[in-house]
Number of protein chains: 2
Amino acid sequence: MRTVYEKADVVPMIAEIFRDLGYEGTSLSRITERTGLGKGSLYHFFPGGKEEMAATVLAEVDGWFERFVFDPLRRDDPAQGIATMWAAVDDYFRSGGRVCLVGAFALDETRDRFATAIRGYFARWIEALRDALARAGRDPDEAALDAEEVVLGIQGALVLARALGDPAVFTRTLDRLKRRV
Amino acid sequence: MRTVYEKADVVPMIAEIFRDLGYEGTSLSRITERTGLGKGSLYHFFPGGKEEMAATVLAEVDGWFERFVFDPLRRDDPAQGIATMWAAVDDYFRSGGRVCLVGAFALDETRDRFATAIRGYFARWIEALRDALARAGRDPDEAALDAEEVVLGIQGALVLARALGDPAVFTRTLDRLKRRV
DNA sequence: ATTTGAGTTTACCAAACGGTACAGAAAACG
DNA sequence: CGTTTTCTGTACCGTTTGGTAAACTCAAAT
């Protein structure tokens, strides 16, 4: 039997594996068994191997947030952009049942490999939110601190929710941050 | 040449490696080269191999926090216990230059292996802080939420500080949390 | 009908993985 | 002193790692 895939279908599958297992924990054999693609296909799509797979996945996550979070924050009117962000974030992280790939990569030495992508993701998020808050009338200095607090709070909530095995920590934190800004 | 170590000396070294590289990223050869201990010595101290090394390290971290953070929170008068916590946390995480081993383990599949240790660490921290806040006169429900916010804020700050390569995020967050409780 | 080329399968490779076995060196202890 | 216990160095084991090579399949374009 022969099944044919397209790259667009396979990237989200690989993303989920990296999210679950981390960069080092993700082996080609794990990818093979969970996607059904043999090494040949994998290396056809990603000639650069594992590192290119991770970079592609990172770029896709970044693209998703750029489209559904950062851009609305920049383009829409502040209140609506921020409302869009809350919904998108809650949806993306499955209300605390899913972890942040970028955050996970940031913690171990994987960070060095993808430093600029990781830094860019968080920097653009904070910046977009900070500007939206400022446009909504918040004092600029306060807006910067609040934006940082929100992004960091989301990451912390994901860590804690996962550690305690209790996704409610995430939704509770999202509500609290929502009320605060 | 022959150099002799004691287990007590070697655990912190291994802890630092796990912190840097994560569980999967830490290989025996890396441990060997960074500690100077051969496999023979390693398996003499930790017959259970890599998993026992990680478990031991996790227990040591837990013990440190139990001693210098959780216990003061429980025994000292609330205000002083909390003050001790801020100092210990800032010190332990090198003002944002170091990452939380337990938090890092919580994110990937390593969590499953050490689930109870990881959950216990965070649960006891939150509980001790919550009770201290309650004893200080804070409304019990508020105290519970604040305790959660503090622990999660610290974890998020570590993630963000590392992601941005900017430890100041951590100290700034610590100050903000300090002011809030 | 033939060519083409993206996508797949299978078999391989050297290196590194976690782990084991064991002989010997150094302390500890009688 | 001699013996026992603790610790270390080295060689080895089977398995898995990331990666390569090349033969193959099959739909679409010519």
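A salt bridge is taken here as a side-chain nitrogen of Lys or Arg within 4 Å of a carboxyl oxygen of Asp or Glu. In this predicted model, the rule finds 8 salt bridges across the interface of chain B and chain A. One of these joins B:Arg180 to A:Glu149, with the closest N and O atoms 2.9 Å apart. The side of chain B that touches chain A draws at least two residues from each of α1 (7-25), α6 (101-107), α8 (115-135), α9 (140-164) and α10 (168-180) of chain B, and α9(B) gives the most, with 14 residues. Sorted by class, that side of chain B comprises 18 nonpolar, 8 polar and 14 charged residues. Between chain B and chain A, 12 residue pairs are in polar contact, both residues being at pLDDT 80 or more.

As to the extent of the interface, 40 residues of chain B are in contact with 40 residues of chain A, and the two chains bury about 3,400 Å² between them, 64% of it on carbon and sulfur atoms.

With respect to symmetry, chain B can be laid on chain A with an RMSD of 0.1 Å by a turn of 180° and a shift of 0.0 Å along the axis, which is the relation of a two-fold axis. The residue of chain B that comes closest to this rotation axis is B:Gly156, whose C-alpha lies at 1.8 Å. Because 100% of the interface residues of chain B are also interface residues in chain A, the copies meet through the same surface.

Technical notes: Residues numbered from 1 in each chain as written. Chains lettered and ligands numbered in written order. Predicted model: local features only at pLDDT ≥ 70, side-chain atom pairs only at ≥ 80, totals over all residues. Heavy atoms only, no water. Least-squares fit on C-alpha atoms with pLDDT ≥ 70 in both. Contact = heavy atoms within 4.5 Å. Buried area = accessible area lost by both parts, 1.4 Å probe. Polar contact = N/O pair within 3.5 Å; in protein donor to acceptor, adjacent residues only side chain to side chain. Helix = DSSP H or I, 4+ residues; strand = E, 2+ residues; numbered from the N terminus. Nonpolar A, V, L, I, M, F, W, Y, C, P; charged D, E, K, R; others polar.
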